[in-house]
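Reader: Please take one part of this model and go through it closely. I would like the account to stay with chain B, its domains and how they meet, and then to turn briefly to the other chain.

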Amino acid sequence: MTTHSTLAAPPAAAVAPARRRAPEGGSKLERRRQRWGWLFVSPFLLVFALFLIFPLFYAFGMSLFTSTLATGTKFTGIENYVKAFTDPLFLEGLLRVAAFAIVMIPAQLIVAMAAALVLDTLVTRLASLSRLLIFAPYAIPVVIGALMWSFLYSPRFGPGATLFDLVGLPTPDFLASDTVFASLVNIVTWQWSGYYMVVIYAALRSIDPSIYEAARIDGANGWQTAIRIKVPMISSSVVMVITFALIGTLQFFTEPVVLRNIAQGAIDAAYTPNMYAYSLAFSYSQFNYASAIAFSLGMLVFAGSFVFLFLTRKQSGLKS
Amino acid sequence: MKSKILAATGVVAVAAAALTGCSAGEAEASCTNEIQKPDATQVSVWAWYPAFEDVVDLFNESHDDVQICWTNAGQGNDEYTKFSTAVESGSGAPDVIMLESEVLSSFSIRDALVDLTEFGANEVKGDYTEGAWKDVSSGDAVYAIPVDGGPMGMLYRKDILDQYGIAVPTTWDEFAAAAQALKDAGAPGVLADFPTNGRAYNQALFAQAGSVPFAYDNAEPTSIGIDVNDDGSKSVLAYWDQLVKDGLVATDDAFTADYNTKLVDGSYAIYVAAAWGPGYLGGLSDADSDAEWKAAPVPQWDPANPVQINWGGSTFAVTSQAADKEAAAVVAKEVFGTEEAWKLGIEKAALFPLWKPILESDYFRDLEYPFFGGQQINKDVFLEAAAGYTGFTFSPFQNYAYDQLTEELYAMVQGEKDSTQALDDLQASLEQYATEQGFTLQ
């Protein structure tokens, strides 16, 4: 859609003022329509308010108090936030998810993009089967996927020992403190690449085939078409994929929590900021400080995705 | 058109009611067991004992005015997490809850538990050993009724030790020599495991050398003594660090699928365990079919002055959210207060009773365990271990303390720090945490 915006710019500009005038003309009809619109979205709004907006304010309220085991609860304002941003455990967790973002997002994107570009050029029945198979890991619940991998990584049940024996190498410990990072990257890439592939693939299918024809006439080969035509034309989808991946990575939680069951030393209770908030609240019963950590993380995720969307506003079509 | 809008709003309202209304009242209705006398007061109980339903049925049959409504809300930390959340929110907790003695002060400090002295706890005090009673009391207050204990012994594979000509170690020096001998003989496994996430297990090993990590009394709830880097703990940890460095013991995480398999397939020749250990082993699959298990007393530092230790053990506490505290206290006191209940607990769930009438009975002493080839393990090992136990004080932030211990031990076996440094760092982090939580250090 957005890729056409540059082409369609003049007519759109002409149409826009006309549309803006419309409410003044048929205002009664428009207002009635709006009323129906609100009614239809009200079930969503209700759930949204009940389970997102309200808890958000509730958590923020909690984060302004401090409750200690020995001395009870008192109002402390932003003290919890000062503590959070000077808390080495929280800051280490932030650095760790930043490192995950730097490694994991390109890894997922490259796999997804390569698969989508290859599948886009194939039209055989094998292509649709492959598409389904690449997508399949996404259909597995995250916890189940992580549990499955924890068995695959297990030195005893996993295939690691057999595979490395075949090539005569010592079996690495996938759950040691220096390898667990890569093991987690692998799980996430396996799980999410297929989903991103489908998003990118759908964007590729929506490109007008006549553009390819024009490229072919101009003498572009398959590789050049892919890199020079297809990739730039799906940039808005790529921005969306990266935004999703960025938010997901900063909130990294489920996979490390599941792996922690078998690698408690390598993955500590504050491995990611979300895990830290979870252990603070539910293991150490510091609900107030946990709210502050969660809220700080939320603000950082919001700021991070906002900055990213701002920097890529051209590619994503937020600004033409 | 108007009626349509009304209908639509109605749908929304119903949906909203369904969304908000589903949590209320459901907990009362969903008992795992069948209530036999519906007119009696119902007491909700969370517990994870194996074969507990039979015990519940027995209680309900023999009581006309109180009935237990039992739910298994998860084991250990899973249950504590739910309970902790219920305590924070002020509703949703059961009337009676199974808690390990190590977390009692973590909940009593949050006013989540009822002091049972008002409800006749001292009447049953005589039914328990002094050590067991100390575990559930803090000062004059009694926060739970003891159920089962975890006196420690050493379970070993007689077939493996015999095969390599190794005598059963009775001291830790012999234990280290046996580990070396097993390695020199080229055995495929190791003598034992040193799990860095052993938590209460590691704490018990330290306690054997005289470690008293915490001093805490509910009568003075804002004051705590922390001493986790004493000389006893340091020498114990240095001993294990050396065994780890020499490759004589494994450092696998405990309670994982890998660990469970290794326990029963001969990877470890010795399992230093609590009295509930045999029950745990019996429930594991992939066991070595020619395994020949025996039990022996836990190795000692000084055989002239043996010290007995304890790992785990559970209790029944009454929560402050209980509607009828009197009835709840009756359940806590009486559910494991009969011989019939205990025979179920011992034979079906492999529990080690703390209730004296059965603990001191000939039946329990002479019981032969098929898992150990008919050995009378209580007589040989665990009764003596239980008798020597004098109780233990845990901190009101035990979960945090254990997590920190795990981190330090992991850093040690990774070679990042030595044993002394690990315990000194643990001491520093616990002191800092206690101060942050508003405690004054003694």
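Author: What follows describes the domains of chain B, then a sheet in that chain, and last a helix and some annotated spans of chain A. The model is predicted.

In chain B, the domain assignment gives two domains, each made of two stretches of sequence: domain 1 takes residues 29-149 and 312-370, and domain 2 takes residues 152-310 and 384-441. Taken over C-alpha atoms, the centres of domain 1 and domain 2 of chain B are 27 Å apart. Where they meet, 23 residues of domain 1 of chain B are in contact with 24 residues of domain 2 of chain B. On the side of domain 1 that touches domain 2, the elements of chain B giving two or more residues are helix 5 (104-108), helix 6 (130-136), strand 6 (145-157) and strand 11 (310-318). Helix 6 of chain B has the largest share of that side, with 4 residues. Sorted by class, this side of domain 1 of chain B holds 10 polar, 8 nonpolar and 5 charged residues.

Chain B also has an open sheet of 3 strands, in the order 7-8-12 and with mixed pairing. Strand 7 (214-216) and strand 12 (440-441) of chain B are the edge strands; each has a single partner strand, so one side of each has no neighbour in the sheet. Strand 7 of chain B runs antiparallel to strand 8 (residues 223-226) of chain B, and 3 bridges join the two. In one of these pairings, Phe214(B) has Ile226(B) of strand 8 as its bridge partner. Helix 19 (residues 419-436) of chain B packs on the sheet and touches strand 8 and strand 12 of chain B; the direction of helix 19 makes about 175° with that of strand 8.

In chain A, helix 13 (residues 273-283) is mostly covered, with 8 of its 11 residues buried. The buried residues of this helix include Pro273(A), Met275(A), Tyr276(A) and Leu280(A). Among the elements of chain A that cover them are helix 4 (88-121), helix 12 (254-260) and helix 14 (287-311). After helix 13 of chain A comes Ser285(A), which has a positive phi, near 45°.

For chain A, an unreviewed UniProt entry carries the annotation "transmembrane region" on several spans, including residues 36-60 and 132-152. Residues 36-60 of chain A are 100% helix and 0% strand, with the end C-alpha atoms 33 Å apart. Residues 132-152 of chain A are 90% helix and 0% strand, and the end C-alpha atoms of this span lie 23 Å apart.

Methods. Residues are numbered from 1 along each chain as its sequence is written. Chains are lettered from A and ligands numbered from 1 in the order in which they are written. This is a predicted model: local features need pLDDT of at least 70, side-chain atom pairs count only at pLDDT 80 or more; totals for chains, interfaces and linings use all residues. Domain bounds come from an automatic or database domain assignment. Two residues are in contact if their C-beta atoms, placed from the backbone, lie within 7 Å. Ala, Val, Leu, Ile, Met, Phe, Trp, Tyr, Cys and Pro count as nonpolar, Asp, Glu, Lys and Arg as charged, and the others, Gly among them, as polar. A residue is buried if 20 or more other C-beta atoms lie within 10 Å of its own, exposed if 12 or fewer, and partly exposed in between; C-beta atoms are placed from the backbone. UniProt positions are given in the numbering used here, feature names are shortened, and annotations may be inferred rather than shown by experiment. Two strands pair if DSSP finds at least two bridges between them. Axes are lines fitted to C-alpha atoms, for helices over the stretch in contact, and angles run from 0 to 180 degrees between N-to-C directions.
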